[in-house]
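Biologist: I would like a close look at a single part of this model. Please take one sheet and describe it plainly, with its surroundings.

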Amino acid sequence: MDYRAASRSAALTRRRILAAGGAAILTSVAGCSAIVDAIGDQVLEEVNILNQLNRAVSGSIEVTSPAGDTALDETFAVPSEDADGESNIVAYDDVWTETGQYRIRIELPDTEIDGVSRANETVRIDNTDEEMVAVALGSTSDDEPIAVRVGESLSDFGQTTESG
């Protein structure tokens, strides 16, 4: 990741990930998604790549704004969900420039997930202060190995990120 990418990508420390994991355990016991959402607000940014595979993945992501400008163009390397002490999330802030349709393209040149190595989705962002995108690599959805979802909280991505 180049210098610009490092400055835009959220630093996910082991402490923050452990806090999120602890919140998930509390939620499963207490049945309250508010705790998970509070932790998710600290970990997630506007565009998030979540690796749910048992292997590291590298690739590129490009987000095009409603005006046709490049809002994000980065390469990434994200550890597996089983990586000891490392986050399986890469997060980027300051992507949304206006409300409207954003095109999200992701390419995994060295990885296929159920025969898929790229995704090209258009999403609508209506609230640039609250909404975020999750790109789940290895989604539990049978028909979408690379799932792109819009939501305002971590619990909004539950269907995409649940382990089964």
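Which residue in β6 stands opposite tyrosine 102?

Modeller: The residue opposite tyrosine 102 is valine 123, in β6. Please keep in mind that this is a predicted model. To place that pair, start with the whole chain. The chain has 164 residues, and 44% of them count as buried. Its secondary structure consists of four helices and eight strands. Along the sequence, three helices come before the eight strands, and a helice of its own follows them, as the pattern α-α-α-β-β-β-β-β-β-β-β-α shows. Take the contacts between residues at least 6 apart in sequence: 60% of these join residues at least 24 apart. The accessible surface of the chain is about 8,600 Å², and carbon and sulfur atoms account for 43% of this surface.

Now the sheet itself. Four strands form an open sheet in the order β3-β2-β5-β6, and their pairing is antiparallel. The edges are β3, residues 70–78, and β6, residues 118–125, each of which pairs on one side only. On average, neighbouring strands of this sheet are turned by 15° against each other, direction ignored.

Your pair belongs to the junction of β5 and β6. Strand β5 covers residues 100–107, and eight bridges join β5 to β6, the two running antiparallel. Valine 123, in β6, is the residue that faces tyrosine 102 across this junction.

Tyrosine 102 also leads to another strand of the sheet. Threonine 64 lies in strand β2, which spans residues 57–64. Leaving aside residues up to four places away in sequence, threonine 64 touches Asp69, Ala71, Gln101, Tyr102 and Arg103. Is threonine 64 buried or exposed? Threonine 64 counts as buried because its relative accessible area is 10%, and the cut-off for buried is under 20%.

At the edge of the sheet, aspartate 73 sits in strand β3. Aspartate 73 has a relative accessibility of 43%, so it counts as partly exposed; that class lies between the 20% limit for buried and the 50% limit for exposed. Aspartate 73 and serine 60 are 13 residues apart along the chain, and their C-alpha atoms are separated by 7.4 Å.

To recap, the sheet runs in the order β3-β2-β5-β6. Within the sheet, β3 holds the partly exposed aspartate 73, β2 holds the buried threonine 64, and tyrosine 102 stands opposite valine 123 of β6.

Technical notes
Residues numbered from 1 in each chain as written. Predicted model: local features only at pLDDT ≥ 70, side-chain atom pairs only at ≥ 80, totals over all residues. Heavy atoms only, no water. Buried < 20%, exposed > 50% of the residue type's maximum accessible area, 1.4 Å probe, protein only. Contact = heavy atoms within 4.5 Å. Areas by Shrake-Rupley, 256 points an atom, 1.4 Å probe, with all protein chains shown as cover. Pairing = 2+ DSSP bridges. Axes fitted to C-alpha atoms, helices over the stretch in contact; angles between N-to-C directions.
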